[in-house]
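Biologist: I'm new to this and could use a guided tour. Please pick one part, look at it closely, and then follow the chain outward from there.

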Amino acid sequence: MTVFLLGSGDVAVHSAIAMDEAGMAALEAIGRPSWIFVPNTLHGSDASWYSDRYPSARVLVPADARATLFEKLHRIDGSLDDDWPEMFRGEVAVVPLRGTRIAEVAFVHGPSRTLVLTDAVFNYRERDLPRLSRMLMRANRAYDRFGPSRLFTTFVVSDRNAFSDSIDALLEHDFDRVIMSHGRVLATGGKTAVREAFSSLFLGRDAGRG
């Protein structure tokens, strides 16, 4: 889970994870969440737990996943694509990653030059996971490297041209740090790392374009 403390004073939780009361007290010391961002179809399991705890918080989901998530969440108050609050524009940009089966949306926090991703990249290192998990992640090309997993590039990306256009749009934004849901924060060099991580996926991407 990533927590945004926005210039307006609003607190937003991204990829919400239910915590014990000590964890929730630490979160509320920053501020009571007023926004719940569901970044893709796979990371919304605890969004309803948060929306029940904070009934005034607004739940925003990817527009492409609204129908899928409608049956899973207690409520949806809008989409990240179409209902992004005007007061956040210029501070946090949302970039839908088109051409994926999970409808992931990326976030770029301008003041800290931070890109927030969910499942598009992994960055596990050394002994971050137990031995068996490390073996499985290595088979998935998701260990000791920054980048997308084998499952992501093979099964999650459904339209490489659309996805590559989304990465191009993402790289137009100014960011250096990358936070992802699986692995260590990449403290610097994020733009170069993202460009290099997806470059091989896009070789020959224009084949078949009209």
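Modeller: Let's start with the burial words: buried means under 20% relative accessible area, exposed means over 50%, and partly exposed is in between (1.4 Å probe, protein chains only). This is a predicted model, where local features need pLDDT of at least 70 and side-chain atom pairs count only at pLDDT 80 or more, while totals for chains, interfaces and linings use all residues. Residues are numbered from 1 along each chain as its sequence is written, and side-chain values use heavy atoms, with hydrogens and water left out.

Our part is helix 1, made of residues 21–30. (Helices, H or I with at least four residues, and strands, E with at least two, are DSSP runs numbered from the N terminus.) Gly-23, Met-24 and Leu-27 are the buried ones here. They sit on the same side of helix 1, because they cover an arc of only 95° around the axis, going by the directions from the helix axis to the C-beta atoms. Flip to the other side of helix 1 and you find Glu-21, Ala-22 and Ala-29, which are exposed.

So what do those buried residues of helix 1 pack against? Their partners are strand 1 (2–5), strand 2 (11–14), strand 3 (33–37) and helix 2 (47–53), where contact means heavy atoms within 4.5 Å. Right after helix 1 comes Gly-31, with a positive phi near 155°.

Let's follow helix 2 next. In the loop between helix 2 and strand 4 (58–61) you'll meet Pro-55. Pro-55 is exposed, since its relative accessible area is 61%. Now check it against Pro-33: the two are 22 residues apart in sequence, yet C-alpha to C-alpha they are 9.9 Å apart in space.

Remember the positive phi at Gly-31? Glu-126 has a positive phi too, near 45°, and this residue is no glycine. Look for Glu-126 in the loop that runs between strand 8 (114–116) and helix 4 (131–139). With a relative accessible area of 57%, Glu-126 counts as exposed.

Carry on past helix 4 and you reach another loop, the one between helix 4 and helix 5 (150–156), which holds Asp-144. Asp-144 isn't a glycine either, but its phi is positive, at about 55°. Is Asp-144 exposed or just partly exposed? Partly exposed, because its relative accessibility is 38%.
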